[in-house]
Every structure is written in structure tokens, then in C-alpha cells.
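Reader: I'd like to go through this model with you. Can we start with the ligand contacts?

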Amino acid sequence: MSVESTVWAVTTYRLTEMKQRGEKIAMLTSYDYSMARIVDAAGVDVILVGDSAANVMAGYETTLPITLDMMIYHARSVVRAVNRALVVVDLPFGTYQGNSKVALDSAIRIMKETEADAVKIEGGEEILESVQRILSAGIPVMGHLGLTPQSIHKFGTYAVRAKEEAEAEKLVRDAHLLSEAGCFAIVLEKIPAALAARVTSEIPTPTIGIGAGPGCDGQVLVIHDMLGINKGFSPRFLRRYADLRTVMTEAVGHYVQDVKSCDFPNEKEQY
Ligand code: KIV
């Protein structure tokens, strides 16, 4: 293998270095082998097997119903596809809250059964003990603050979080706690850009924003949203890089027409 073709895998340590030298971190979700191969080959640094799989893969309204077994299935498929990106897997709702032993067992299952690189957990001080216990087993943890979708029934809305001072100050404290505990990165979801920039400047841990402005160390989007496959979701922060829903609908419609009109398969498309 030539030096040029050597693939350097992204590690948690490299993400810290990227923050230190001001190089932005690109993160996207993936849930299956074929998509993860494309995302990895295109140069994404971190692939998140998000529990947003509950929405975009399974069609649930919220992320709450997805199980650990379902996440493990998605993560295994992604890991098989990836050469370079760091693969992070969401711990789903109910697998870490309230009991750090359960949290560790869940994280160990993910690491053993999927061979992913790290886990992600939503929340701050409330789940700190779980974060510490998982970290103490040598499993890297990514935090997630701001709009944490597993708490949607508590919030009652997907609106921007931490606009009020008390919630903003709690978020800053939580970010420091997660950083000091040893989280290798923290997702900041749907919070004011100025608050995200403040957190980013105060902690040495890389921050990855989604609807949190340009001051974060990196950005993440859900792949189905940014490719325009899922068009029912249009928050202000979402930039669409393609209109695959239209492309796919036209292609499938064309196929149906060709089958019905006996145009497909033709002489060259048979044995
Ligand atoms: O599950 C997910 O896709 C996420 C991102 C939105 C950060 O948590």
C-alpha cells in the first residue's frame, strides 16, 4: 500500500487536536451500510448512528421507542462500512437514565456487539454518574445538551432551548461538568448561537452544533434531512444539499411506467 493511499482513522484524540488548531469537525448521521460507505468515503469525520433512526428509519414520531437491539443492528451495519470516520452510537431512551450500572451494561453491549468507537448520551448533571461509570470502563462518551429529543415530553416543544438565563447558566455548568468528567465531545442542539460560542470558548472539549450557530467546533445534520429525502422537517438551521426525494420519486415513477408499458426489461436486459 502506498503512503498516499493509507487511511488515517479519526480518533477522539484527533478531534481534540482539530479543535486546538481550529479545524472544523464534520459529522453526519448514518444508519445503514450503503449510506455509511458514501458518507465515510466523502470525508465526514464522525458518523453518528443517532437514535433519530427511530424517526427516519422506523417512522416513529419521537426517538423514544427505539430499543438497544435496534440501535445495535443499525450500528453494526454502519461499522462494517466505515474505514476512516469515528463511529458514535446513541444510547437510546431508557438504557442509561437513573442507574449507572444499567448505563454501563448498555454501553458495553454497544461496544462489544457493534465494534463502534464511542457512545453518546443526552443530558448533564442528572446523568453525570452514568457518564463517569461508562468512562471508567474505557468507553469514550460524547455528551448532548440543549434540545435533547429524548426529553421531548418534558419540554413539550421542539423550540430553541436555553433562551432564558437560568436554563442557559445550567447548560454552561453541564458543559463544564461533562468536559471535566472526560467526554471527548459535546453536541449542542438548537440553542442560541452566542451561548454555543460561549460554551465552545470556555471548554477544551470539542462542541458539535446542530442549530447552534457557527461558533461550535463542528456541525452535525441528520443525513435524510440534508439530502432532502425527508422533506417534512424544515427548521431554520437545516441546509438542504440535495433534493433526493424528488430524484427518487421520479426514478421510481419512471420504473413503474417502464414495467407497465413492457419497456423494461428490453433485449439487452435479459439472458
Ligand atoms: O439522533 C440524532 O440524530 C442526534 C443528532 C441530531 C445530534 O442526536
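Reader: How far is the side chain of S52 from an oxygen atom of the ligand?
Author: An N or O atom in the S52 side chain is 2.5 Å from a ligand oxygen. That fits a polar contact, a pair of N or O atoms within 3.5 Å. This is a predicted model, where local features need pLDDT of at least 70 and side-chain atom pairs count only at pLDDT 80 or more, while totals for chains, interfaces and linings use all residues. Residues are numbered from 1 along each chain as its sequence is written, and side-chain values use heavy atoms, leaving out hydrogens and water.

Reader: And what about D51 and D90, how far from a ligand oxygen?
Author: For D51 the distance from a side-chain N or O atom is 3.0 Å. For D90, a polar side-chain atom lies 3.1 Å away.

Reader: Which residues are around the ligand?
Author: Among them are T29, L48, K120, H144 and V222; near means a heavy atom within 4 Å.

Reader: Changing topic: how many aromatic pairs are there?
Author: The whole structure has two. One is F233 with F237, edge-to-face, at 6.5 Å centre to centre and 70 degrees between the planes. Rings of Phe, Tyr and Trp (its six-membered ring) pair with centres within 6.5 Å; planes under 30 degrees apart are stacked, over 60 edge-to-face, the rest tilted.

Reader: Are those two buried or exposed?
Author: F233 is partly exposed at 37% relative accessible area, and F237 is partly exposed at 25%. Buried is under 20%, exposed over 50%, partly exposed in between (1.4 Å probe, protein chains only).

Methods:
A polar contact is a pair of N or O atoms within 3.5 Å; within protein, one must be able to donate a hydrogen and the other to accept it, and residues adjacent in sequence count only if both atoms are side-chain atoms.
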